[in-house]
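Got your viewer open? Load the model below, and we'll walk through it one selection at a time.

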Amino acid sequence: MGQHIHTHRVEVITIAVALVAVGAGAAFYLYLTKKQRQQSKGCLDPENFKEFKLVKRTQLSHNVAKFRFDLPTPASVLGLPIGQHMSCRGKDANGEEVVKAYTPTTLDSDVGYFELVIKMYPQGRMSHHFRELREGDYLAVKGPKGRFKYQPGQVRAFGMIAGGTGITPMFQVARAILENPNDKTKIHLIYANVTYEDILLKEELDSFAKKNSDRFNIYYVLNEPPEGWNGGVGYVSKEMILAYCPPPASDIQILRCGPPPMNKAMAFHLEALGYTPETLFKF
């Protein structure tokens, strides 16, 4: 009888331990799924600034640097839709708070981190903050922001007109298209700068053109070109748009991003060439 009770007690304890183990396993699974769901949802918050640690700063020229920020885990994604931007907060030379919008050059396929390529202007308020930013420092970021929405194949072709740092949203959209084997959208990019040294992401853009010659074309325009330059010279003209962008049609879209005077001039040229408002978008 005693033997039977002892055996029964062992069985009950064994079952209880097994149930606890199953419960713990299920709880751990639910925790992991929740964590993965949070990670796939993205790290950005549209309402509140969140801080990300600068882990690598690479100087690309005297006034341009690439900043790499870690996300909370190696599996985290930023959660920024293609072609949208985020607000970055910092302090200017007087210690006053400043907020400015930037578009990362990375996509959500780059897990665990994001990168910003920043041109730092002598008098720029946020430029001062980035100039002072050192590895180990944190950057406060909020987003996503922006009206641009992209679905693969939504247009037959994009015409893109960018000036200076206005290349970053174009780069992000182009990269997303070219890295998707199912997206057959063609890209025609006109990229304007003052000098050759001002051209951002040139190596990456030239690589796009070399590897995807049937889908990606780029035409550089310089205001002060070096000797022997074979690209465009001066400002982006109506004739350049006519030659290097897809002609007006209902299944194309023209994207533009640059300094305000350039955006205004491009709007005038595009209207004169017959592009309809619904096929135009300004970042």
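Helices and strands on this tour are DSSP runs numbered from the N terminus: H or I over at least four residues for a helix, E over at least two for a strand. Residues are numbered from 1 along each chain as its sequence is written, and side-chain values use heavy atoms, with hydrogens and water left out. The model is predicted: local features need pLDDT of at least 70 and side-chain atom pairs count only at pLDDT 80 or more, while totals for chains, interfaces and linings use all residues.

**Whole chain**

Start with a cartoon view: six helices and twelve strands. Of the 283 residues, 43% are buried, meaning under 20% relative accessible area (exposed is over 50%, partly exposed in between; 1.4 Å probe, protein chains only). Now switch on a surface. The accessible area is about 15,700 Å², and carbon and sulfur atoms own 56% of that (Shrake-Rupley, 1.4 Å probe; for residues, only the protein chains shown count as cover). As for contacts (heavy atoms within 4.5 Å), take those with a separation of 6 or more: 72% join residues 24 or more positions apart.

**Strand 7: Gly159**

Select Gly159, which sits in strand 7 (residues 157–163). Gly159 counts as buried because its relative accessibility is 0%. Beyond its neighbours within four places in sequence, Gly159 contacts His188, Cys245, Pro246, Gln253, Ile254 and Leu255. Draw a C-alpha distance to Leu280: 9.4 Å in space, although the two residues are 121 apart in sequence.

**Strand 8: His188**

Follow the Gly159 contact to His188, a residue of strand 8. Is His188 buried or exposed? With a relative accessible area of 19%, it is buried. Not counting residues up to four places away in sequence, His188 touches Ala157, Phe158, Gly159, Met160, Asn217, Tyr244, Cys245 and Pro246. The C-alpha atoms of His188 and Phe158 are 6.2 Å apart, with their positions 30 residues apart along the chain.

**Strand 5**

Next, pick strand 5. Seven of its seven residues are buried, so the strand is largely enclosed by the rest of the structure. Colour its two faces separately: Tyr113, Glu115, Val117 and Lys119 lie on one side, with Phe114, Leu116 and Ile118 on the other. Now add strand 2 (residues 64–70), which pairs with strand 5 in the antiparallel sense over seven bridges; two strands pair if DSSP finds at least two bridges between them. To line the strands up, look for Asp70 opposite Tyr113.

**The largest pocket**

Time for the pocket finder. About 960 Å³ of space lies in the largest pocket. Of its 42 lining residues, the closest to its centre are Gly163, Thr165, Gly166, Gly258 and Pro259. Elements giving two or more residues to the lining include strand 4 (97–102), strand 5 (113–119), helix 3 (167–178) and strand 8 (186–193). On a 1 Å grid over the protein atoms alone, a pocket is an open set of points where a 1.4 Å probe fits, with protein on both sides within 12 Å along at least five of seven lines; lining residues have an atom within 4 Å of a point. Points are joined across faces, edges and corners, and the volume is the space filled by probe spheres set on them.

Which element gives the most to this lining? Helix 6 does, with seven residues.

**Helix 6: His269**

Last stop: His269, in helix 6. His269 is buried because its relative accessibility is 17%. Show its contacts outside four places in sequence, and you'll find Val236, Ser237, Lys238 and Ile241.
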